[in-house]
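Reader: I am about to open a structure and would like to talk it through with you. May I ask questions as they come to me?
Author: Please do.

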Amino acid sequence: MSKEVWKSFEENEITHSAAHYLMTINTLLAEHGYARVTDIAKYLNITRGSCSISLRPLKRRGLVVEDENKFLQLSPEGKRLAELVERNDELLERLFRDVLGVSPDQAEVDACKIEHLLSIESSVKLANLMHLIDSGHKVVKPFLEQLRHHEVECSHEADECEFCNSVCFFEKEAQRQKLMPLES
Ligand SMILES: [Zn+2]
Ligand SMILES: [Zn+2]
């Protein structure tokens, strides 16, 4: 990946934590019709104090709006971001679990970690892919069955393997899974 692309992640629209605050407010508003700092803190299992601090930059950017009675709302832009990240999370979780065959718990963790980083372009392409998977088109079932049984052949000798570079990817992966399952 080029240096410029890597750097641009730093200027990403919202941080992971900000994404979860926006999604929480969106959920609370949908479920209860209101969202106060106390409600968000309870939902995210954090203190009221740290919740207030984390909400500050979101208010400053006009994504979260507080009325005179301390009730919080999302601005149209805040709501757009919350729904975008929610949709990315659903799509990514299904991609990992239903297409790639990642275990359900790990699929949930991995989707959560990257949900806020996808570009709109990739998100739309992913939506198209998942729509095709759901469509029942005749290519889908044989493709998924083929994928389930397809594995890269690795000799664990990095210089002989087509897939690995100087370090064996599969040995590292196996070790990582043993050492820190579901690490987020
Ligand atoms: Zn997340
Ligand atoms: Zn290999």
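Reader: How far apart are Glu93 and Arg97 in helix H5, in residues and in helical turns?
Author: Glu93 and Arg97 are four residues apart in helix H5, so about one helical turn separates them. Helices here are DSSP runs of H or I with at least four residues, strands are runs of E with at least two, and both are numbered from the N terminus. Before we go on, please note that this is a predicted model, in which local features need pLDDT of at least 70, side-chain atom pairs count only at pLDDT 80 or more, and totals for chains, interfaces and linings use all residues. Residues are numbered from 1 along each chain as its sequence is written, chains are lettered from A and ligands numbered from 1 in the order in which they are written, and side-chain values use heavy atoms, with hydrogens and water left out.

Reader: What do the side chains of Glu93 and Arg97 form?
Author: They meet in a salt bridge, at 3.4 Å from N to O. The term means a side-chain nitrogen of Lys or Arg within 4 Å of a carboxyl oxygen of Asp or Glu. In general, side chains of opposite charge can pair when their charged atoms come close.

Reader: Is Glu93 buried or exposed? And what about Arg97?
Author: Glu93 counts as buried, because its relative accessibility is 19%. Arg97 is partly exposed, with a relative accessible area of 28%. Buried means under 20% relative accessible area, exposed over 50%, and partly exposed in between, with a 1.4 Å probe and protein chains only.

Reader: Which residue forms a salt bridge with Asp98?
Author: The partner of Asp98 is Arg94, and their closest N and O atoms are 3.4 Å apart. Asp98 and Arg94 are also four residues apart in helix H5, so about one helical turn lies between them. Salt bridges that share partners join Glu93, Arg94, Arg97, Asp98 and Asp134 into one network.

Reader: Where do Glu83 and Lys79 lie?
Author: Both are in helix H5, which covers residues 76-99, and they are four residues apart, about one turn of the helix. Their side chains meet in a salt bridge of 2.9 Å, N to O. The whole structure has nine salt bridges.

Reader: Changing topic, which residues are the protein donors of the zinc ion written as ligand 1?
Author: The donors are His16 (NE2), His20 (NE2), Cys112 (O and SG) and Glu115 (OE), lying 2.0 to 2.6 Å from the ion. Donors are N, O and S atoms within 2.8 Å of the metal (3.2 Å for Na, K and Ca), and sites may look incomplete because water is not among the atoms. Along the chain, these donors follow the spacing H-x3-H-x91-C-x2-E. His16 and His20 both lie in helix H2 (residues 16-32), four residues apart.

Reader: And which donors belong to ligand 2?
Author: That zinc ion has Cys154 (SG), Cys161 (SG) and Cys164 (SG) as its protein donors, at 2.1 to 2.4 Å. Their spacing is C-x6-C-x2-C. Cys161 is buried, with a relative accessible area of 11%, and Cys164 is buried as well, at 7%.

Reader: Where is Glu157?
Author: Glu157 is in the loop between helix H8 (140-149) and helix H9 (169-179). Its relative accessibility of 42% makes Glu157 partly exposed. Val152 is also placed in the loop between H8 and H9, and Val152 counts as partly exposed at 40%.

Reader: What is unusual about the phi of Asn45, if I may switch again?
Author: Asn45 has a positive phi of about 60° although it is not a glycine. Most residues other than glycine have a negative phi. Asn45 lies in the loop between helix H3 (37-44) and helix H4 (48-60), and at 71% relative accessibility Asn45 counts as exposed.

Reader: Finally, how many helices and strands are in the chain?
Author: The chain has nine helices and two strands. Along the sequence they follow the pattern α-α-α-α-β-β-α-α-α-α-α. Of the 184 residues in the chain, 29% are buried.
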